[in-house]
Amino acid sequence: MTTDAGKPLGFWSERNATPFRHLECGRRYRVAIAFVDFDRERHEVGDEWVYLGTNFAPHDDGRSLFISLDGEHEWHIRMRDTPDEQGPILDALAGR
């Protein structure tokens with residue numbers, strides 16, 4: 001995960017606090033399969049986050065996941081929901 005300080009809690013999630021597949025807002029999740037997001041940041045097995053919400057931008061198949069690592073800040077994980085990008089990762093969320 002990036003080393004930036006994140007945004008204040010609610011910065012993105014206040015308007016986007018919606019579940020996605022099996023992810024429920026406010027629940028803690030652990031990465032089960034390592035992956036690289038749209039910004040080429042690597043997320044390792046065992047990383048833990050609190051899921052805060054999601055947003056979809058249909059013009060570029062962009063899926064944003066909003067998460068918190070510390071309960072005070074949130075981060076924006078950008079994904080591209082296409083077969084050649086992060087689509088398979090997002091599809092895998094349906095079965096977990």
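F11, W12 and F66 form one aromatic cluster in this structure, which is a predicted model. The count of aromatic pairs comes to three. Of these, F11 and W12 meet edge-to-face, with 5.0 Å from centre to centre and 90° between the planes, whereas the rings of W12 and F66 are stacked, with 5.8 Å centre to centre and 15° between the planes. The stacked pair links distant parts of the chain, since W12 belongs to the loop between β1 (7-8) and α1 (13-16) and F66 to strand β6 (residues 62-68), 54 residues apart. Both W12 and F66 are buried, while F11 is partly exposed because its relative accessibility is 39%, a value that lies between the limits of 20% and 50%. The ring of F11 is also approached by a charge, in that the charged end of K7 sits over this ring, 5.2 Å from its centre.

The strand pairing places β5 (48-57) beside two partners. Strands β2 and β5 run antiparallel and are joined by three bridges, among them the one in which R28 is partnered by V50 in β5. Strands β5 and β6, likewise antiparallel, are joined by seven bridges, including the one between Y51 and its partner I67 in β6. These two strands, β5 and β6, form a hairpin with four residues between them, and D61 in the turn has a positive phi of about 55°.

Most residues other than glycine have a negative phi. Two residues depart from this pattern in the regions considered here. D61, which is not a glycine, has a positive phi of about 55°, and D61 is partly exposed, with a relative accessible area of 29%. R21, also not a glycine, has a positive phi of about 50°; R21 is placed in the loop between α1 and β2 (28-30) and counts as partly exposed at 39% relative accessibility.

Within strand β6, R63 presents a buried charged side chain without a salt bridge, the nearest side chain of opposite charge being that of D81, 5.2 Å away. Because a salt bridge requires a nitrogen-to-oxygen distance within 4 Å, the separation of 5.2 Å between R63 and D81 is not counted as one. The side chain of R63 is instead joined to that of T54 by a polar contact of 3.0 Å.

The salt bridges of the model number seven. In one of them the side chains of R30 and E48 meet at 2.5 Å, N to O; as R30 lies in strand β2 and E48 in strand β5, this pair ties together parts that are 18 residues apart in sequence. R30 is exposed, with a relative accessible area of 57%, whereas E48 is partly exposed at 30% relative accessibility. Another salt bridge is formed by R78 and D39, whose closest N and O atoms are 2.6 Å apart. This pair links distant parts of the chain, with R78 in strand β7 (residues 73-80) and D39 in the loop between β3 (35-36) and β4 (42-43), 39 residues apart. R78 is partly exposed, with a relative accessible area of 34%, and D39 is partly exposed at 38% relative accessibility. E44 forms a salt bridge with R42, the closest N and O atoms being 2.8 Å apart; E44 counts as partly exposed at 36% relative accessibility, and R42 counts as partly exposed at 44%. Salt bridges that share partners join R28, R30 and E48 into one network.

Technical notes: Residues numbered from 1 in each chain as written. Predicted model: local features only at pLDDT ≥ 70, side-chain atom pairs only at ≥ 80, totals over all residues. Heavy atoms only, no water. Phe/Tyr/Trp six-rings, centres within 6.5 Å; stacked < 30°, edge-to-face > 60°. Buried < 20%, exposed > 50% of the residue type's maximum accessible area, 1.4 Å probe, protein only. Lys NZ or Arg CZ within 6 Å of the ring centre and 35° of its normal. Pairing = 2+ DSSP bridges. Lys, Arg positive; Asp, Glu negative; His and termini not counted. Polar contact = N/O pair within 3.5 Å; in protein donor to acceptor, adjacent residues only side chain to side chain.
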